[in-house]
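The following report describes one protein chain for a reader who is new to structural analysis. Please keep the sequence and the structure in view while reading.

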Amino acid sequence: WFPDSAFKTAQVINDFKRERLPLMVFANWRGFSGGMKDMYDQVLKFGASIVDSLREFQLPVLVYIPPHAELRGGSWAVIDPTINPLYIELYADQESRGGVLEPEGTVEIKFRRKDLVKT
């Protein structure tokens with residue numbers, strides 16, 4: 001995500017709320033890493049605005065991850081249905097992918113020797 005697109009996403013959610021329209025999100029997102037660059041570029045600030053807007057949304061929000069799309073990294077936390085469980089529902093195609101860790105982060109996870117032997 002870029003600062004402008006994160007800001008525009010939060011803005012359109014607020015516009016839908018003001019117009020009393022349900023929201024459908026086709027998610028194919030990566031981003032919100034929490035690193036210094038995202039903080040400096042204000043991506044995290046506007047990502048938090050998306051969370052705030054979704055938390056207050058009181059109409060149906062349908063999130064769909066289409067075939068071959070990905071919802072990865074911190075963007076999963078931004079659109080997670082637990083933000084507003086009464087209104088947000090998440091659906092994913094069998095060919096889609098999602099996860100909190102990027103592949104590079106997954107590779108970096110270290111196991112203790114006894115846990116490696118178990119697996």
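In this predicted model, a nonpolar patch on the surface is formed by Met 24, Phe 26, Leu 62 and Tyr 91. Together these residues have about 400 Å² of accessible area. Phe 26, one of the members, is found in strand 1. With a relative accessible area of 52%, Phe 26 is exposed, because the limit for an exposed residue is over 50%.

**The sheet behind the patch residues**

Strand 1 covers residues 23-26, and its side chains alternate between two faces. Met 24 and Phe 26 point to one face and are not buried, while Leu 23 and Val 25 point to the other face and are buried. Strand 1 runs parallel to strand 2, which comprises residues 61-65, and four bridges join the two. Across this pairing, Met 24 stands opposite Leu 62 in strand 2. Val 25 likewise has a partner in strand 2, where Val 63 stands opposite. Met 24 and Leu 62, which face each other across the two strands, are also both members of the nonpolar patch.

In what order do the strands of the open sheet lie? The sheet has three strands in the order 1-2-4, and their pairing is parallel. Strand 1 and strand 4 (88-92) are the edge strands, each of which pairs on one side only. From one strand to the next, the twist averages 15°.

**The chain as a whole**

The secondary structure of the chain comes to six helices and five strands. Read from the N terminus, the elements follow the pattern α-β-α-α-β-β-α-β-β-α-α. The chain has 119 residues, of which 30% are buried. Its exposed area is about 8,200 Å², and carbon and sulfur atoms supply 57% of this area. Among the contacts with a separation of 6 or more, 83% are between residues 24 or more positions apart.

Val 51 offers an example of contacts between residues that are distant in sequence. Val 51 is located in helix 3, which spans residues 43-56. Leaving aside residues up to four places away in sequence, Val 51 touches Ala 77, Val 78 and Ile 83. Val 51 and Ile 83 are 32 residues apart along the chain, and their C-alpha atoms are separated by 7.2 Å. Is Val 51 buried, partly exposed or exposed? Its relative accessibility is 23%, so Val 51 counts as partly exposed.

**Salt bridges**

The count of salt bridges comes to five. Lys 17, Asp 52, Arg 55 and Glu 56 are linked in a network of such bridges. The table lists salt bridges among these residues.

| Residues in the salt bridge | Closest N to O distance |
|---|---|
| Lys 17 and Glu 56 | 3.2 Å |
| Asp 52 and Arg 55 | 3.7 Å |
| Glu 56 and Arg 55 | 3.7 Å |

Why does the salt bridge between Lys 17 and Glu 56 tie together parts that are 39 residues apart in sequence? The reason is that Lys 17 lies in helix 1 whereas Glu 56 lies in helix 3. By contrast, Asp 52 and Arg 55 both lie in helix 3, where they are three residues apart, about one turn of the helix.

The members of the network may also be described by their accessibility. Lys 17 is partly exposed, with a relative accessible area of 25%. Asp 52 is partly exposed as well, at 37%. Glu 56 counts as partly exposed at 41% relative accessibility, and Arg 55 counts as partly exposed at 46%.

**Positive phi angles in two loops**

Which phi value does Arg 20 have? Although Arg 20 is not a glycine, its phi is positive, at about 60°. Arg 20 is placed in the loop between helix 1 (3-19) and strand 1. At 55% relative accessibility, Arg 20 counts as exposed.

His 68 also has a positive phi, near 65°, and is a residue other than glycine. The loop that holds His 68 lies between strand 2 and strand 3 (70-72). His 68 counts as exposed, with a relative accessibility of 64%.

Technical notes:
Residues numbered from 1 in each chain as written. Predicted model: local features only at pLDDT ≥ 70, side-chain atom pairs only at ≥ 80, totals over all residues. Heavy atoms only, no water. Pairing = 2+ DSSP bridges. Axes fitted to C-alpha atoms, helices over the stretch in contact; angles between N-to-C directions. Buried < 20%, exposed > 50% of the residue type's maximum accessible area, 1.4 Å probe, protein only. Contact = heavy atoms within 4.5 Å. Patch = residues over 30% accessible without salt bridge, like charges linked within 9 Å, V, L, I, M, F, W, Y side chains within 5 Å. Areas by Shrake-Rupley, 256 points an atom, 1.4 Å probe, with all protein chains shown as cover. Salt bridge = Lys/Arg side-chain N within 4 Å of Asp/Glu carboxyl O.
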